[in-house]
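Reader: I should like a close look at a single part of this model, namely the surroundings of the ligand. Please describe them in detail, and then turn to the second cavity by size.

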Amino acid sequence: MYGSVPGVCGDGSAALCKEGRIHCFTTMKERKVGIMTQMFDKEKFKQQVAFKVKALCRKTIEEATPQQIFQAVCFTIKEEIVDEWIATHQTFSEADSKIVYYMSMEFLMGRALGNNLINMGAYEEVREALEELGLDLNVIEDQERDYALGNGGLGRLAACFLDSLATLGYPAYGCGIRYRYGMFKQEIRDGYQVEVPDNWLKHGNPFEMRRDEYTYEVKFGGHIRSELQKDGKYRYIQEDYESVLAVPYDLPIIGYGNNVINTLRIWDAEAVTTFCLESFDKGDYRKAVEQENLAKNIVEVLYPNDNHYAGKELRLKQQYFFISASVRAAVDRYKNLHDGDVHKLYEKVCFQLNDTHPTVAVPELMRVLIDEEGLEWDEAWDITTKTCAYTNHTIMAEALEKWPIDLFSRLLPRIYQIVDEINRRFLIEIRSRYPGNEDKVEKMAVLFNGQVRMAYLAIVGSFSVNGVARLHTEILKNQELKDFYEMMPKKFNNKTNGITQRRFLLHGNPLLANWVTEKIGDGWITDLPQIAKLAPLANDKACREEFRRIKRQNKERLAAYIKEHNGIDVNPDSIFDVQVKRLHEYKRQLMNIMHVMYLYNKIKENPELDMVPRTFIFGAKAAAGYRRAKLTIKLINSVAEVINNDPQVKDRIKVVFIEDYRVSNAEMIFAASDVSEQISTASKEASGTGNMKFMLNGAITLGTMDGANVEIVEEVGEENAFIFGLSSDEVIRYEQQGGYYPMEIYNHDADVRKVLNQMIDGTFSDGNREMFRELYESLLNSWGGGRPDCYFILKDFRSYADAQKRVDEAYRDPEWWSKAAMLNVAHSGKFTSDRTIQQYVDEIWHLEKVTVNMDEAE
Ligand code: 26W
């Protein structure tokens, strides 16, 4: 659109595609061999950026703000890739490829520009081009807001999966919601978290493409009238409903070096009334306003709850809204390619449900097949259960979605009828399998106690149920979903999570990435297990020295960030001990800060205490309504305030809370870390993915045998990690016994007692004894019901402190430390999301790779 003005790019050497658009990359033919090897025309690129700045903002490069330059660069890139994007979809259609639709309420994408440039293979070239214009690519990248359309692990996993799917050349759509406000921005005021709205679309999103032509109407509420037709079948008609339009916006997901560009489709809501003024004509002004509000509200904001089900009606609306649109778009696309016949849908379509949040896909697909396509129940059920697959991401009981039937049926009357029928038929199955065993019916029914149990609906409606780490899947099979596993063992499988090395090493840690490439070539970028070639280098003194120098530089980069954002001086020679993740009791940030308090007490008792200087770094957002989590943030900041300003500490300990932890600063934090705190109560963390990002960047895990930590230790060897604490079996056994007595530990362990007492004696709260009382009580008494210390913080404390002591001792030997850190990098190969995706493809999705040939596109 912007580049088609003749004469702007000028000298005729640029590639000209059919529409006469001028590319900064030379001919299509050369591009065939992959974007990596194409020729980048720096001068053309610079001219394009200058032209865009002029066309978009009526400015010259010199006059433009960094934000305007950012926009211009992104629009230039978008034009560069649009042919591949079109060609990719043509290839899918021509090959009649099977497509996976990754259905997710969350996509935590982070920033797009840097990643897009990397995957196009143009990062260095663009950096140089901008430099010649007097611009710094880092500064331009910093103009971009994170796409924070997710909470934490589950959302970021979805983003990593999209990157891997495109890079491996598998046909995929991400389907989600275009929230107006994503994850809130966190500000720390007086040590407390304050949530500030994230207006991420303030400057627009240069990479997105609105696709009006694929709009759907989604209906809510009203009632269902059934009508007997001539052929003896019933027709179900929803009446007196409210509705909204779902309008898709597409974002390109660029594969690394392969011309494949997949799509993340996020749905926006618009009022129907702006199109159809009928309501106004009839004087039904109220309804028109209501529909307007419905549209506005539905996509207004991401629910900032992680691992906690709140049961809000609007959340269910969000779920059905994006699922109905996505399911119908997928079915329509299939029909267009298959003469309108949906009987073999499952051969070409798979819906992967990212946790239970998209589970209404099961009854929605049934509705489409029965009500719109005229299929019989059994046919529709066969297709649905061959199309849907479900991933479980948590065993935390409070995360389980159970919708009250009255709410569910009022909002989704037809969907509820279908769920009711699914349940009725499933109960028959249970009773025939377990005659006379009504206990089983209670335990497994989809509808029970006035609630719709979404996880059970997802299991019954899917052909695959997977956990996200080996231990997690075993716990699902043997505990949480035992009855289902017993009845349908073949559905259950494990897919240990992974992360994309393209963002979390290549982009986030350029120094280490370049060094790795220097040593072993660049094969690791698309084949991470090759990174094992580094292992022998861990025995080479010179290599270790180089590795240490890189870590040191990354620590300096983070230290500068901390200085700028927190005003705290940290010592890059200290151990950077980092816990960054959502704040949750089971993740035990409280145990970490209690250990810091314990160390502080040791220094106060013995001012000459010999310890390696340590910088304890935290980053965490707490759900806005999660009081105890927010109080933990306050405690961390209060402890920081006291320790950082106590001259007696002599800088042996620093505590830093990094404000607004998010994907973009995470990339820098992982690169600078020495110790990776993965200290969840065993059995509670389904997998964890931060643990993998730290490992890839050469931090050593200090952790419990939980989630994917188990597999990390298996890869790197227990001698290259610091493992402590109860095992998941032990935790589960205690839980079955009704817990343990933390008061015994309090009574017998003077160090622990002192730390606990300091929570209520005002040491860290200017004499205020009440401020942290809730935390104290949660550990020792049954504050607000429930068991005291149900996350076993006191139980694990000694073992944790011992492991921390081992860290201190080990760090004194830089040769040992850098060797172990290098071995962590070298053994991280398993944890690429490329491996995870390949397993999903082989065992669940059964997709074929495509190659996008740009020669043919011409
Ligand atoms: C309904 C409220 C709600 C919101 C989010 C319930 C549950 C969630 C997510 C399932 C929480 C989540 O992000 N789980 C994390 O998923 C990661 C990816 O698989 C795992 O690595 C983490 O261990 C798990 O906590």
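**The ligand and its surroundings**

Author: In this predicted model, 21 residues surround the ligand, and those that come nearest are His-393, Asn-497, Glu-685, Ser-687 and Gly-688. By class, this shell comprises ten polar, seven nonpolar and four charged residues. Helix H7 makes the greatest contribution to the shell, supplying three residues.

Several polar contacts involve oxygen atoms of the ligand. In the side chain of Glu-685, an N or O atom lies 2.6 Å from an oxygen atom of the ligand. For Ser-687, a backbone N or O atom is 3.0 Å from a ligand oxygen, and for Ala-686 a backbone N or O atom is found at 3.3 Å from a ligand oxygen. The ligand taken alone exposes 570 Å², of which the protein buries 97%.

The cavities may be considered next. The structure contains ten cavities of 30 Å³ or more, and the second largest has a volume of about 210 Å³. Its lining consists of 20 residues; Met-109, Asn-115, Asn-116, Ile-253 and Arg-503 lie nearest the centre of this cavity. Two or more lining residues come from each of the following elements: strand E2 (107-110), helix H4 (113-120), helix H7 (153-168) and strand E11 (242-254). Helix H7 therefore appears in both descriptions, as a contributor to the ligand shell and to the lining of the second largest cavity. The residues lining this cavity are eleven nonpolar, five polar and four charged.

Conventions
Residues numbered from 1 in each chain as written. Predicted model: local features only at pLDDT ≥ 70, side-chain atom pairs only at ≥ 80, totals over all residues. Heavy atoms only, no water. 1 Å grid on protein atoms, 1.4 Å probe; cavity = no way out; pocket = protein on both sides within 12 Å on 5 of 7 lines; lining within 4 Å. Points joined across faces, edges and corners; volume = space filled by probe spheres on them. Helix = DSSP H or I, 4+ residues; strand = E, 2+ residues; numbered from the N terminus. Nonpolar A, V, L, I, M, F, W, Y, C, P; charged D, E, K, R; others polar. Near = heavy atom within 4 Å. Polar contact = N/O pair within 3.5 Å; in protein donor to acceptor, adjacent residues only side chain to side chain. Areas by Shrake-Rupley, 256 points an atom, 1.4 Å probe, with all protein chains shown as cover.
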